[in-house]
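Here is a short briefing to keep beside the sequence and the viewer. Take a look at the model, then read on.

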Amino acid sequence: MVDLPRNIQDTDPEDFANELLRKVDNSLKCPICKAYFDAAMYSDCGHTFCAVCLRESLSVKQECPICRKPAKELSMKKNIMLEDTLILWQQARDTLLTLERLEAAKASKKRKRSASIQSIESDSNEAGPSSRPASTTVKKMKKRAESTQKTGDSTMTECPMCQNLVVEAIINQHIDGGCNPENDKKITRDSQRAKDQWSSVFGKSAKRKATPVKGETEPGTLEKLPRGSYDILKDKDLRRMLKEEGLPTDGETEAMKSRHKQWVIFWNSNVDRKFPKSRETVKEELKKWEREMASSRRKRPQVNAVEHLKHHKTDFDKLVQNVRSRKPKSSAAAPSPNEVAEPVAPPDVMSIDD
Amino acid sequence: MGSIATRRLAKELRELSLECPTGIKILSANDFHTWRLSIEVMGDSLYQGQVFALQFIFDAQYPIASPEVTFVSDEHYKAPIHPHVYSNGHICASILGTEWSPILSVAAVCVTMQSMLASCKKLERPPDNDRYVRHAPKSPKNTRFVYDDDTV
Ligand SMILES: [Zn+2]
Ligand SMILES: [Zn+2]
Ligand SMILES: [Zn+2]
């Protein structure tokens, strides 16, 4: 058996059992990060991603990640309708999930009922010994009916399995759940939630806030940043640019470059949000990103590729020759529904990445 | 590990745990850094009855950056003999390099490897195998492979 990392449950809320609902739900998630769209944006082809996911992808390769049509950051556009749909969907989603669960519970109740009728019938028909003789079962059923009593709003009944008093409406789920009182609490919560959800869908609380909450900025007041021409920038230019943005100016040239680059991606994607976050919040995200990148690099020490190349240059030249003359090759086809149309332009040399 | 990487991998792992593509099984996935999956080619192929293991190493930039994927070559598993697979387990496949797309996934890579093996017509190593293996960097991501675009 595979041990799942402990946090796996909290990283993804439960999905729909219904396949169609699951598909609808997934269609509102970004194909790159698999989370709900955060500032949905598309390029010329129309495929939609989060602003930050598409920007990061285009910073590596200027093509749509799905259909591989050429795509540029400058041609990115907001998918406003999709974002509105997403907000509504997220409101309806909890309701649908709860309804789905109640529906399933109802179905299992029906099954349970017909099953217990059958068991009574077969018990009374059978002459031989049975684990639970008919008379006992019938007595228990009777007793259960008699012991039914009111407690507050809910009718209580005695569970034929554990003899505890259980809310009648959930007795079958209670038995299904192995007579676990914790499980009972959850079932009761769910049915209460369903009631609340409906009232929120129809009531005034269903309206999305029109004003930004704490940590969000008034939309339409923020400006995007141009991307630096990082290759020609000197350290002092980089430091000035970082200072202008109120960012730290420590570290090597490369660290400063990637910090500014990522800031531009994060900031511009923030401007694309319907409700942009505050500058401080985005700064926090950048700080977190830098920490994560650093710890990931520590985990996987990079081979000193330049050194490697120097030492084995001649070997590699031969290797290039060899590879070039190689014919019987196939590039494994990506199992994407949209096959790559144009042939891959192979790099000129076989070399070591730096 | 990046938060997007973690969320994506959690989701992928959840889906793989529920249902793996035919012939693919999770061997180990105890963190979001290294996973191993076994792959078997279904149907008629030169690799009938053989089981291989693929190792995935993810960094914080996954899925924007491709995972490092190699065939495991140790006392339990051997890299398949295939014109695109070096004996050290490095794979010359465009989707692991220049043709990587962030919408691809662990499952997609496994299925692609299956079909790469399934379509193999002759059991042989890449012609430059010995030389490559002698000088190969530890991670194949540090090799810039040249891909022929002939389709099999
Ligand atoms: Zn995304
Ligand atoms: Zn597209
Ligand atoms: Zn009970």
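A residue counts as buried under 20% relative accessible area, exposed over 50% and partly exposed in between, with a 1.4 Å probe and protein chains only. By that yardstick, 36% of the 354 residues in chain A are buried. This is a predicted model, in which local features need pLDDT of at least 70, side-chain atom pairs count only at pLDDT 80 or more, and totals for chains, interfaces and linings use all residues. Residues are numbered from 1 along each chain as its sequence is written, chains are lettered from A in the order in which they are written, and side-chain values use heavy atoms, without hydrogens and water.

**Sheet**
- Chain A has 12 helices and 6 strands, taken as DSSP runs (helices H or I, at least four residues; strands E, at least two).
- Three of the strands form an open antiparallel sheet in chain A, ordered β2-β1-β3; strands pair if DSSP finds at least two bridges between them.
- At its edges are β2 (48-50) and β3 (77-78) of chain A.
- Strand β1 (residues 40-42) of chain A joins β2(A) over 3 bridges, with Ala40(A) opposite Cys50(A).

**Nonpolar core**
- The largest nonpolar core (buried Ala, Val, Leu, Ile, Met, Phe, Trp, Tyr and Cys joined through side-chain atoms within 4.5 Å) has 48 residues.
- Helix α9 (253-271) of chain A gives the most to this core, with 7 residues.
- Trp263(A), among the residues with the most contacts inside the core, touches Leu225(A) and Arg279(A), among others; contact means heavy atoms within 4.5 Å.

Note on methods:
Lists of a residue's contacts leave out its neighbours within four places in sequence.
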